[in-house]
Amino acid sequence: MPGAGSRVLVFLAAALAVPSPAAAQGAALSGVRGAVTGPDGAALEHVVIEIRHTDTGLTSSIRTDPAGRYAMTNLLAGGPYTLTASALGFATHRISDVQLQAGRIHSYDFVLHPGAMTLPEVEVRASADPRFDTGRSGASTVVSREEVTAHPTIERNVLELASLSPMAARAAGGTTIAGQNARFNALQIDGARYQDMFGASPDGAPGGLANARPLPLDAVDQFQVLIAPFDVRHSGFTGGLLNVVTRGGTNEWEGRGFGYYRDRNFVGSLDASAQSGETPDFRNSLAGISVGGPIVRDRAHVFLAFEMERRTTSSSGYNLGSADAFATRIAPDSAARLIEILRDRYGMEPGRAAQVSLDNPRENLFVRADWQLG
């Protein structure tokens with residue numbers, strides 16, 4: 001497990017994304033359902049319902065039952081999707097730019113009109129999302145990829161996104177949801193539990209005391225904060241659920257990189273009333289890169305994200321040589337005499353009585369590969 005001053009390597013790989021119940025756990029997936037009727041309101045059977053992910057080309061299809069209803073689950077959260085209903089003797093009906101939220105079943109109904117010609121234009125009117133919807137699983141906040149990119153973060157920690165929920169707060173002790181202790185929360189990545197089983201980390205994630213991060217921020221597609229879900233797929237927590245849906249590759253190659261550096265020269269001096277009047281020495285550099293694209297178009301895709309951080313800070317507390325002798329309970333002359341004895345009499349090199357610098361390196365690597373078998 002990661003410790004102070006050690007490298008942290010997080011490697012996550014979702015090797016297969018197959019539209020079946022075994023592909024991934026439901027917490028990171030979504031679905032659609034609805035009914036298909038004719039212009040007279042009668043249910044239409046054997047209508048082909050197809051959903052296609054616009055960026056990757058991955059498709060799934062199903063036929064309506066005798067009651068004209070359909071349901072498709074285990075779909076990757078996000079979008080955009082294009083939902084199409086087609087049947088012999090009826091004009092095709094298409095809904096574009098469909099966005100799916102993790103852990104939710106969305107409803108889309110179709111009304112097909114007779115005709116063999118393709119309509120030049122289809123108008124779809126959307127209404128406000130109802131507050132009471134059977135597709136919901138309790139109070140929640142969903143952060144999209146666009147919001148993740150636009151949201152300013154100090155540490156580039158995915159858990160900082162929880163502060164976008166009105167029921168959550170980010171503090172030094174971790175993420176508090178509905179006033180509960182941060183150790184009562186559960187963290188999932190693509191439906192798999194990612195938890196500090198020892199309770200040592202203040203934010204509930206492994207390696208939190210060593211400044212570790214669950215995964216690079218560029219690898220986040222959706223971030224979900226569930227307050228009190230009444231869904232049998234969510235359990236094992238008494239605070240809240242932080243659910244991360246990772247990002248996959250598309251049919252277009254794309255990438256980005258960034259760099260960041262900060263030290264004491266970029267901040268002002270402390271107030272003159274402070275003990276030293278100077279800003280403690282520190283250095284923080286952070287760089288990263290992400291790239292994704294197709295291995296085989298419309299079938300296999302890959303996405304990679306990497307972050308590297310080097311952080312150096314001065315030791316905290318009372319230090320010999322920099323703090324008052326009354327606080328350290330050791331006189332500077334006594335410390336100098338001890339160093340001289342260890343060096344001259346015993347041949348040891350004890351160093352010097354002064355403040356020391358602490359190094360804290362961090363590295364995160366995320367790789368995801370998706371392959372549609374058929």
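Visitor: If two strands pair when DSSP finds at least two bridges between them, which residue in E15 stands opposite Ile-189?

Guide: That is Val-244, which stands opposite Ile-189. The model is a predicted one, in which local features need pLDDT of at least 70, side-chain atom pairs count only at pLDDT 80 or more, and totals for chains, interfaces and linings use all residues. Residues are numbered from 1 along each chain as its sequence is written, and side-chain values use heavy atoms, without hydrogens and water.

Visitor: OK, and which way do E12 and E15 run relative to each other, parallel or antiparallel?

Guide: Strand E12 covers residues 186–189, and it pairs in the parallel sense with strand E15, residues 241–246, over four bridges. Strands here are DSSP runs of E with at least two residues, numbered from the N terminus. In addition to the partner of Ile-189, E15 provides Asn-243, which stands opposite Gln-188.

Visitor: What does E12 have to do with E13?

Guide: E12 is joined by two bridges to strand E13, residues 192–193, and the two run antiparallel. Here Gln-188 stands opposite Arg-193. The two strands form a hairpin with two residues between them, where Asp-190 takes a positive phi near 55°.

Visitor: Are the side chains of E12 buried or exposed?

Guide: Both faces of E12 are covered, since Ala-186 and Gln-188 on one side are buried, as are Leu-187 and Ile-189 on the other. Buried means under 20% relative accessible area, exposed over 50%, and partly exposed in between (1.4 Å probe, protein chains only). In a regular strand the side chains alternate between the two faces of the sheet.

Visitor: Which strands make up the whole sheet there, and in what order?

Guide: The open sheet has five strands in the order E9-E14-E15-E12-E13, and its pairing is mixed. E9 (140–143) and E13 stand at its edges with a single partner strand each, so one side of each has no neighbour in the sheet.

Visitor: Changing topic, how many bridges join E17 to E18?

Guide: There are 14 bridges between E17, residues 282–296, and E18, residues 300–314, and these strands run antiparallel. As one example of the pairing, Ala-287 has Met-308 in E18 as its bridge partner. The two strands form a hairpin with three residues between them, and Asp-298 in that turn has a positive phi of about 65°.

Visitor: And what else does E18 pair with?

Guide: E18 also pairs in the antiparallel sense with strand E19, residues 357–371, over 15 bridges. Within that pairing, the bridge partner of Leu-304 is Val-367 in E19.

Visitor: Now for single residues: where is His-93, and is it buried or exposed?

Guide: His-93 is found in strand E6, residues 93–100, and because its relative accessibility is 16% it counts as buried.

Visitor: What is His-93 in contact with, then?

Guide: If we leave aside its neighbours within four places in sequence, His-93 is in contact with Leu-83, Thr-84, Ala-85, Phe-110, Val-111, Leu-112, Val-122 and Val-124, where contact means heavy atoms within 4.5 Å.

Visitor: And where does Trp-253 lie? Why is Trp-253 called exposed?

Guide: Trp-253 lies in the loop between E15 and strand E16 (254–263). It is called exposed because its relative accessible area is 56%.

Visitor: What about Tyr-261 and Phe-266?

Guide: Tyr-261 has a relative accessible area of 42% and is therefore partly exposed, whereas Phe-266 is exposed, with a relative accessible area of 56%.

How values were computed. Two strands pair if DSSP finds at least two bridges between them.
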